[in-house]
Amino acid sequence: MIDERILIGKTVEEATEYVKSKGYEFFIVQDKWMVQNPLTRGVYVVVVDNKITKVKDIRH
């Protein structure tokens, strides 16, 4: 299970390592982007200045 509170504030590299260690794919998306039926088990985040600012969705 991914704890999204851990991801906020991490760099892209730190977050990628954490997410992949849990068996998920890592995706960077735009804040206005809406997740619609992705088939990939993954974590979708918004990045500003190489830091995670928001977790948009986590697909299990």
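In this predicted model, E25 forms a salt bridge with K20, the closest N and O atoms being separated by 3.5 Å. E25 is partly exposed, with a relative accessible area of 38%, and K20 likewise counts as partly exposed, at 45% relative accessibility. The count of salt bridges comes to five, and a further one is formed by D3 and R5, with the closest N and O atoms 3.1 Å apart. D3 is partly exposed, its relative accessible area being 25%, whereas R5 counts as exposed, at 66%.

The contact between K20 and E25 leads into the sheet. The residues of β1 are 25-28, and this strand belongs to an open sheet of three strands in the order β1-β2-β3, with mixed pairing. The edge strands are β1 and β3, each of which pairs on one side only. On average, and with direction ignored, neighbouring strands of this sheet are turned by 35° against each other. Strands of a sheet pair through backbone hydrogen bonds, in either a parallel or an antiparallel manner.

Both senses of pairing can be followed from β2. Strands β1 and β2 run parallel and are joined by four bridges. F27 stands opposite Y44 in β2, and I28 stands opposite V45 in β2. On the other side of the order, β2 and β3 pair in the antiparallel sense over six bridges. V45 has a bridge partner in β3 as well, namely V55. Strands β2 and β3 form a hairpin with two residues between them. In the turn of this hairpin, D49 has a positive phi of about 55°. Five of the seven residues of β2 are buried, so this strand is largely enclosed by the rest of the structure.

Helix α2 packs on the sheet and touches β1, β2 and β3. The direction of α2 makes about 145° with that of β1.

The next topic is the nonpolar core. In soluble globular proteins, nonpolar side chains tend to be buried together. The largest nonpolar core of this model has 13 residues, of which I2, L7, V19, F26 and V43 touch the most other members. The elements that give two or more residues to this core are α2 (12-21), β2 (42-48) and β3 (51-58). The largest share, four residues, comes from α2. The surroundings of L7 show how these parts meet: with residues up to four places away in sequence left out, L7 touches I2, A15, Y18, V19, V43, I52 and V55.

The loop between β1 and β2 offers a second route across the structure. Q30 lies in this loop. With residues up to four places away in sequence not counted, Q30 touches V46 and K56. Q30 and V47 are 17 residues apart in sequence, and the distance between their C-alpha atoms is 8.0 Å.

D31 also takes part in a link of this kind. The side chains of D31 and K54 meet in a salt bridge, at 2.9 Å from N to O. D31 lies in the loop between β1 and β2 and K54 lies in strand β3, so the pair ties together parts that are 23 residues apart in sequence. Both residues fall in the intermediate class of accessibility: D31 is partly exposed, with a relative accessible area of 41%, and K54 is partly exposed, with 36%. Through salt bridges that share partners, D31, K54 and K56 are joined into one network. K56 thus appears both in this network and among the contacts of Q30.

Strand β3 holds one further charged residue to consider, D57. Is D57 buried or exposed? Its relative accessible area is 18%, and D57 therefore counts as buried, since the limit for that class is under 20%. The side chain of D57 makes a polar contact with the side chain of R59, at 2.6 Å.

Note on methods:
Residues numbered from 1 in each chain as written. Predicted model: local features only at pLDDT ≥ 70, side-chain atom pairs only at ≥ 80, totals over all residues. Heavy atoms only, no water. Core = buried A, V, L, I, M, F, W, Y, C linked by side-chain atoms within 4.5 Å. Buried < 20%, exposed > 50% of the residue type's maximum accessible area, 1.4 Å probe, protein only. Contact = heavy atoms within 4.5 Å. Polar contact = N/O pair within 3.5 Å; in protein donor to acceptor, adjacent residues only side chain to side chain. Pairing = 2+ DSSP bridges. Axes fitted to C-alpha atoms, helices over the stretch in contact; angles between N-to-C directions. Salt bridge = Lys/Arg side-chain N within 4 Å of Asp/Glu carboxyl O.
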